[in-house]
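I opened the model to look up a few helices and what surrounds them. My notes follow.

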Amino acid sequence: MNHEVAVTGLGVMAPHGGEPDALFQALLQGRSAIQPIFADLPKPAAAATVAFDETRWFTKLQLAGVDRVSQLAVAAADMAMRDAGLAVADADPERVGVFAGCGMGGAAALEAAYRGNGRVSPLTIPAFMPNAPAAHVAMRQGVQGPVLTYSVACASSSAAIAEAAKAVQRGEVDIAIAGGSEALIVPGVVVAWQAMQTLATLQPGEAAGAVRPFATDRSGFALGEGAAFLILESAERARARGARSYATLAGWGLSSDATHLTKPDAPGQARALRTALRQAGLQPRDVGYCNAHGTATRIGDVVERNALADVWGDELDTLRVSSTKALHGHLLGAAGALEALITVLALHQRQLPPNANCREIDADCRLNLVTQDDAAAPSLEAAISNSFAFGGTNSVLLFRRA
């Protein structure tokens, strides 16, 4: 028996704060969280960081060997469970699972080890291993079922949510804590991304508007940090306990480009889009909004547009599109989870976050982009969230209104 998968809890610790509704309102208003960082670097840099008080979730003793990436995950997962009105004690702990995405693990711990002048903490390894966030969430919540980490670059947490949905759908778990975490805003990582020439160029005072998805003058993305988790359970279980359902996760598609490690491929992305639609039993015209991967890179935005055009065809203009990375930065391994949460809220509230900072759309990126003064979507019934990663992994999540 296949169960319908309901989203019953949302938890976030993001550059716009730790309240889902406040985050969503900030996006609707076009407020950017991207700011200058590390003034002593050779090249100007900007990122979206989280104002996080770890003492709300950890004592000083508990913090030993717990990297920021895990701290953020514990906080977001805890808030998601609270939002769902759940505790692991409400279920068989062996039938609760954690499915987490993390692209690069504990960067702060690794940076501290390199810069420690020979003094390296013996807890460095457990602090920076990519599965540490999932493990800490499991320990905090008392989860005894599957605790799995997916590390496929920018698709990590989207893939984790898809795998969690499969487990719920098949009845393998009763509750899935699904999402991801990333905390990479340290000098060594920023310099490495600058060397790839994928980060947005900026002049003094321009950080907030530096990321311009689909615009003629786009130059790349800004890094972000944070964590987001969704609570997934069967719709039957949610109804039985009188839970609120934000949306249903009706379809998901995973594919591989199998062409190039860093250059995206439109046919590969289109395969993931079609798989998600097919699983949900929907036609392209049934989906009214796409939270695009939209990294504002010269190549990536065109490829994603072409993938959408391939699948939607003559109905492409019926799909409203925005990339919220313009405002919260690119959370890499946690991007899919944060953007899935935003997509769920767009469906739930029937409002769409704008595609910020795009003054003139690139002719090769022609899409029906959401503008700041056109957020209302009163008839929205289904929406997708795209995550397309280095390594060629593509993940698409399709949500329907509850």
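I started at the end of a helix: just after H9, Gly-281 takes a positive phi of about 70°. This is a predicted model, in which local features need pLDDT of at least 70 and side-chain atom pairs count only at pLDDT 80 or more, while totals for chains, interfaces and linings use all residues. Residues are numbered from 1 along each chain as its sequence is written, and side-chain values use heavy atoms, with hydrogens and water left out.

Helix H9. I took helices (H or I, at least four residues) and strands (E, at least two) as DSSP runs, numbered from the N terminus. H9 covers residues 266–280, and its end C-alpha atoms are 21 Å apart; this agrees with the expected 21 Å because 15 residues were taken at 1.5 Å a residue, the span being 1.5 Å times one less than the number of residues. At the N-terminal end, Asp-265 is the cap, with a side-chain oxygen 3.0 Å from the backbone nitrogen of Gly-268. I listed the buried residues of H9 (under 20% relative accessible area, 1.4 Å probe, protein chains only); among them are Gln-269, Leu-273 and Leu-277. The buried residues of H9 pack against strands S9, S13 and S14 and helix H10.

Helix H2. I found Ser-70 in H2, residues 68–84. Ser-70 counts as buried because its relative accessibility is 1%. Leaving aside residues up to four places away in sequence, Ser-70 touches Ala-132, Pro-133 and His-136, contact meaning heavy atoms within 4.5 Å.

Methods:
Buried means under 20% relative accessible area, exposed over 50%, partly exposed in between (1.4 Å probe, protein chains only). A polar contact is a pair of N or O atoms within 3.5 Å; within protein, one must be able to donate a hydrogen and the other to accept it, and residues adjacent in sequence count only if both atoms are side-chain atoms.
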